[in-house]
Amino acid sequence: MDDGISSFWGPVTSTIECCEENYVYSSYIAEFFNTLSNVPGIIWALVGLLNALRQRFEKRFSFLHMSNMALAFGNMLYHATLQRVHQHSDETPMVWEMLLYLYILYSPDWHYKSTMPTFIFFYGAAFGLLHHLVGFDIGFKLHYMLLCLLCIPRMYKYYIHTSDVCAKWLAKLYLVTLLLGSLCWLVDREFCKKFSSWGYNPQGHAFWHVFMGFNSYLANTFLMFCRAQQLGWNPKVDHFMGFLPYVKIDKPKTQ
């Protein structure tokens, strides 16, 4: 929400603003809480990346965790500046991330192994270039929604074919965090004027970031379990310090 305060970054040029007042705590950060709330997501993604590297999962999962981090950093840049050019640094990684999810979900049954990653790479590069030059608005939202919808049937298939109770709980927690995060996003969007009249903002969009950061970690962990199961790596869901779920694998010695 623009309050007219001058800033280091100049006038707001982004097409989307949230309910949080601009430049309240620093002239360098437009939306303070919406910016810093990406930090937990970066930490979750880093934990997932270290686990994937330590146990030598396929590189696709390392790229997936790094895409989560790239999205979080891009989102921080966007909310800190509220500049149109930096809005693309949030939106473009959103599409790249979903393309990676599509690859991980569908590639095990794809007969031509090299065609899918090649197509996804050039598709993602082309989208990034066009979005930078043209600046899709409604087109971006519809495109992103389509990519999300394409993931749903495959995720459901993975869920119903997974018998491990702990792995199923990962999927259930994924759904719960998605619903809670969406509720926070919706409340922030629909009741902003009322919050402004009260002089109090519960920072719903910031909580959306926190929930979605953990949500991505849960999705990645569930997919790592399913892929390890496909490869015969005897996966199981363990918990670090009794709280944080992660996938522990036992590869056959021949691998």
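Which residues does UniProt list for "binding site" in this structure? The unreviewed entry gives His79, His205 and His209. They cover a span of 131 residues in sequence, yet no two of their C-alpha atoms are more than 11.4 Å apart, so the three gather at one spot. Keep in mind as you look around that this is a predicted model.

Let us begin with His79. You will find His79 in helix α3, which covers residues 59–81. Is His79 buried or exposed? Its relative accessibility is 1%, and because buried means under 20%, His79 counts as buried. Setting aside neighbours within four places in sequence, the contacts of His79 are Cys18, Ala30, Glu31, Asn34, Thr35, His205 and His209. Two of the residues in that set, His205 and His209, are also on the UniProt list.

Now turn to His209. This residue belongs to helix α9, made up of residues 204–230. His209 has a relative accessibility of 8% and also counts as buried. With neighbours within four places in sequence left out again, His209 touches Asn34, Ser37, Asn38, Asn75 and His79. Asn34 is therefore a residue to look for twice, as it appears among the contacts of His79 and among those of His209.

The next step is to see how the helices carrying these histidines sit together. Two packed helices are described by the angle between their axes and the distance between the axes. For α3 and α9, the axes come within 10 Å and cross at roughly 170 degrees. That angle makes α3 roughly antiparallel to α9. On the α3 side, the contact is made by Arg60, Phe61, Leu64, His65, Asn68, Asn75 and His79. On the α9 side, the residues are His205, His209, Ser216, Asn220, Leu223, Met224 and Arg227. Notice that His79, His205 and His209 from the UniProt list all take part in this contact.

Helix α9 has another packing partner to explore. Helix α7, residues 165–190, packs with α9 at an angle of about 160 degrees, and their axes are 8 Å apart. Because an angle over 145 degrees counts as roughly antiparallel, α7 and α9 are roughly antiparallel to each other. Their crossing is left-handed.

What about charged side chains? The count of salt bridges comes to 6. In one of them, Arg60 pairs with Glu58, with the closest N and O atoms 3.5 Å apart. Arg60 is buried, at a relative accessible area of 15%. Another salt bridge joins the side chains of Arg189 and Glu190, at 3.8 Å from N to O. Both Arg189 and Glu190 are exposed. Salt bridges that share partners link Glu58, Arg60 and Arg227 into one network. Arg60 and Arg227 are familiar by now, since both belong to the contact between α3 and α9.

One more salt bridge completes the walk. Lys141 pairs with Asp137, and their closest N and O atoms are 4.0 Å apart. Lys141 is placed in helix α6, residues 138–160. Is either partner hidden away, or open to the surroundings? Lys141 is partly exposed, with a relative accessible area of 39%, and Asp137 is partly exposed too, at 38%. As a last landmark, try finding Thr13 from here: Lys141 and Thr13 are 128 residues apart along the chain, and their C-alpha atoms are separated by 19 Å.

Notes
Residues numbered from 1 in each chain as written. Predicted model: local features only at pLDDT ≥ 70, side-chain atom pairs only at ≥ 80, totals over all residues. Heavy atoms only, no water. UniProt positions renumbered as here; feature names shortened; annotations may be inferred. Helix = DSSP H or I, 4+ residues; strand = E, 2+ residues; numbered from the N terminus. Buried < 20%, exposed > 50% of the residue type's maximum accessible area, 1.4 Å probe, protein only. Contact = heavy atoms within 4.5 Å. Axes fitted to C-alpha atoms, helices over the stretch in contact; angles between N-to-C directions. Parallel < 35°, antiparallel > 145°, perpendicular 65-115°, else oblique. Left-handed = near helix turned anticlockwise from the far one by under 90°.
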